[in-house]
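Biologist: I am new to reading protein models, and I would like to learn how to describe one step by step. Could we look at it together?

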Amino acid sequence: MMSRQNGTELSEIDHIRQSIEDIISTPIGSRLMRRDYGTQVANLLDQPTSEALYLKCYSTIYSAILRWEPRVQINQLYISEVNEGQTVLNLECTLAQSGQSLNMNIPLLVGGLT
């Protein structure tokens with residue numbers, strides 16, 4: 001398990017985080033051999049912030065993680081603004097093999113949400 005930024009070895013938790021970041025940031029249809037990999041988050045960029053937008057984000061993120069990252073079981077996910085203009089996905093999950101609880105904060109680059 002290697003870092004995509006610098007090639008260093010990653011722990012399992014860091015690799016899961018990297019994987020989830022990749023899943024969320026990849027637009028569906030952009031991978032040639034895996035057209036259904038990723039989320040619809042990129043398609044939600046220019047929509048005004050609303051409860052419906054958050055629900056769409058939750059749905060596409062949950063579905064993609066469920067399908068593409070079998071090492072975690074999602075307990076809760078929600079979007080929050082931590083700093084002015086920075087939106088974060090807060091993900092509470094359990095490692096499938098060990099049952100260990102895991103909390104991650106993953107920055108989202110969603111225009112309508114930032």
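Biologist: Let me begin with a single residue: is Ser-101 buried or exposed?

Modeller: Before we start, keep in mind that this is a predicted model. The general idea is to look at the relative accessible area, where a value over 50% counts as exposed. Ser-101 has a relative accessible area of 58%, and therefore Ser-101 is exposed. This residue is found in strand S3, which covers residues 101-108, and its C-alpha atom is separated by 9.3 Å from that of Asn-75, although the two are 26 residues apart along the chain.

Biologist: Which helices and strands does the chain have, and in what order do they run?

Modeller: The protein chain has two helices and three strands, and when you follow the elements from the N terminus on, they run α-α-β-β-β. Of its 114 residues, 37% count as buried. If you consider the contacts with a separation of 6 or more, residues 24 or more positions apart account for 35% of them.

Biologist: How should I read the packing of two helices, and at what angle do H1 and H2 pack?

Modeller: You look at the angle and at the distance between the axes, and here H1 and H2 pack at an angle of about 130°, with their axes 10 Å apart. An angle that is neither roughly parallel, nor roughly antiparallel, nor roughly perpendicular counts as oblique, and H1 and H2 are therefore oblique to each other. As for the handedness, H1 passes H2 in a right-handed crossing.

Biologist: Which residues make the contact?

Modeller: On the side of H1 they are Ile-20, Ile-23 and Ile-24, while H2 brings Ile-61, Ala-64, Ile-65 and Trp-68. When the residues of this contact of H1 with H2 are divided by character, seven are nonpolar, with no polar and no charged residues.

Biologist: How is a pair of aromatic rings described, and how many aromatic pairs does the structure hold?

Modeller: Such a pair is described by the distance of the centres and the angle of the planes. The structure holds two aromatic pairs, and one of them is formed by Tyr-37 and Trp-68, whose rings lie 5.2 Å apart centre to centre with 65° between the planes, an arrangement that is edge-to-face. This pair links distant parts of the chain, since Tyr-37 sits in the loop between helix H1 (12-25) and helix H2 (51-68), whereas Trp-68 belongs to helix H2, 31 residues apart.

Biologist: Why does Tyr-37 count as buried?

Modeller: Buried means under 20% relative accessible area, and Tyr-37 counts as buried because its relative accessibility is 7%.

Biologist: What does Gly-29 touch?

Modeller: Not counting residues up to four places away in sequence, Gly-29 touches Arg-35 and Tyr-37. Gly-29 has its place in the loop between H1 and H2, and with a relative accessible area of 30% Gly-29 is partly exposed.

Biologist: Where is Glu-92, and which residues does Glu-92 touch?

Modeller: Glu-92 has its place in strand S2, residues 86-95, and at 28% relative accessibility Glu-92 counts as partly exposed. Leaving aside residues up to four places away in sequence, Glu-92 touches Ile-74, Asn-75, Gln-76, Tyr-78, Leu-102 and Asn-103. With Gln-76 you can compare sequence and space, as Glu-92 and Gln-76 are 16 residues apart in sequence and 5.1 Å apart in space, C-alpha to C-alpha.

Note on methods
Residues are numbered from 1 along each chain as its sequence is written. This is a predicted model: local features need pLDDT of at least 70, side-chain atom pairs count only at pLDDT 80 or more; totals for chains, interfaces and linings use all residues. Side-chain values use heavy atoms; hydrogens and water are left out. Rings of Phe, Tyr and Trp (its six-membered ring) pair if their centres lie within 6.5 Å; planes under 30 degrees apart count as stacked, over 60 as edge-to-face and the rest as tilted. Helices (H or I, at least four residues) and strands (E, at least two) are DSSP runs, numbered from the N terminus. Buried means under 20% relative accessible area, exposed over 50%, partly exposed in between (1.4 Å probe, protein chains only). Axes are lines fitted to C-alpha atoms, for helices over the stretch in contact, and angles run from 0 to 180 degrees between N-to-C directions. Angles under 35 degrees count as roughly parallel, over 145 as roughly antiparallel, 65 to 115 as roughly perpendicular and the rest as oblique. A crossing is left-handed if the near helix is turned anticlockwise from the far one by less than a right angle, and right-handed if clockwise. Contact means heavy atoms within 4.5 Å. Ala, Val, Leu, Ile, Met, Phe, Trp, Tyr, Cys and Pro count as nonpolar, Asp, Glu, Lys and Arg as charged, and the others, Gly among them, as polar.
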